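Trainee: Hi, could you walk me through this model? I'd like to know how far to trust it and what holds on to what.

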Amino acid sequence: MNVLDLGNSMETYLVIAALLFGMGIYGLLNRRTMIGMLISAELILSGASINFMAFGHFLAPDPTTGQIFTLFIMGIAAAEAAIALSIIIAVYRNFKSIDTEDVVELQG
């Protein structure tokens, strides 16, 4: 198998997307800080975007469908990052920490 042909196979994209998604899930479950959890959520969204692009490119009759879904995911990710960072800044102002164990008073 030629290394240059890896970019032309769907399996390569699916493996990369699965790795990103798995690292995101692992980070989301094991990170203690909110910034780490936010980065993990971005990895999950990136893995989903790569899946949409791969399926759109290799299987869909119209490849723009995957691109539209990816642009939609990028918009959602940008909005999610902006809202999450504003929440993290507000939490830091009140608790002087972004560690999830230090903000247990937010449980209601």
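Mentor: Happy to. One term before we start: contact means heavy atoms within 4.5 Å.

Trainee: Okay, so what is Ile-50 in contact with, leaving aside its neighbours within four places in sequence?

Mentor: Ile-50 is in contact with Tyr-13, Ile-16, Ala-17 and Leu-20. The C-alpha atoms of Ile-50 and Tyr-13 are separated by 6.8 Å, though the two are 37 residues apart along the chain.

Trainee: And where is Ile-50 found?

Mentor: In helix α2. Helices here are DSSP runs of H or I with at least four residues, numbered from the N terminus.

Trainee: Is Ile-50 buried or exposed?

Mentor: In between: Ile-50 counts as partly exposed because its relative accessibility is 23%. Buried means under 20% relative accessible area, exposed means over 50%, and partly exposed lies in between, with a 1.4 Å probe and protein chains only.

Trainee: Back up a second. What sort of model is this, and how are things counted?

Mentor: This is a predicted model: local features need pLDDT of at least 70, side-chain atom pairs count only at pLDDT 80 or more, and totals for chains, interfaces and linings use all residues. Residues are numbered from 1 along each chain as its sequence is written, and side-chain values use heavy atoms, leaving out hydrogens and water.

Trainee: What pLDDT does the protein chain average?

Mentor: The average is 89, and 95% of the residues score at least 70. pLDDT is the predictor's confidence in each residue, from 0 to 100. Confidence is highest in α1, at a mean of 94, and lowest in α3, at 91.

Trainee: Tell me about α2, then. How many residues does it have?

Mentor: Helix α2 runs over residues 34-58, so 25 residues, and reaches 36 Å from its first C-alpha to its last, close to the 36 Å expected at 1.5 Å a residue. The expected span is 1.5 Å times one less than the number of residues.

Trainee: What do the buried residues of α2 pack against?

Mentor: They pack against α1 (10-30) and α3 (64-95). Among the buried ones are Met-34, Leu-38, Ile-44 and Ala-54.

Trainee: And α3?

Mentor: α3 has 32 residues and reaches 46 Å, close to the 46 Å expected. Its buried residues, including Ile-73, Ala-77, Ala-81 and Ile-88, pack against α2. After α3 comes Lys-96, whose phi is positive, near 55°.

Trainee: New topic: how many salt bridges does the structure hold?

Mentor: Two. A salt bridge is a side-chain nitrogen of Lys or Arg within 4 Å of a carboxyl oxygen of Asp or Glu. Asp-99 forms one with Arg-32, with the closest N and O atoms 2.7 Å apart. Asp-99 lies in the segment after α3 and Arg-32 in the loop between α1 and α2, so the pair ties together parts that are 67 residues apart in sequence.

Trainee: What about Glu-101?

Mentor: Glu-101 also forms a salt bridge with Arg-32, the closest N and O atoms being 3.8 Å apart. That pair links parts of the chain 69 residues apart. Arg-32, Asp-99 and Glu-101 are thus linked in a network of salt bridges.

Trainee: Are Asp-99 and Arg-32 buried or exposed?

Mentor: Asp-99 counts as buried because its relative accessibility is 11%, whereas Arg-32, at 45%, counts as partly exposed.

Notes:
Helices (H or I, at least four residues) and strands (E, at least two) are DSSP runs, numbered from the N terminus.
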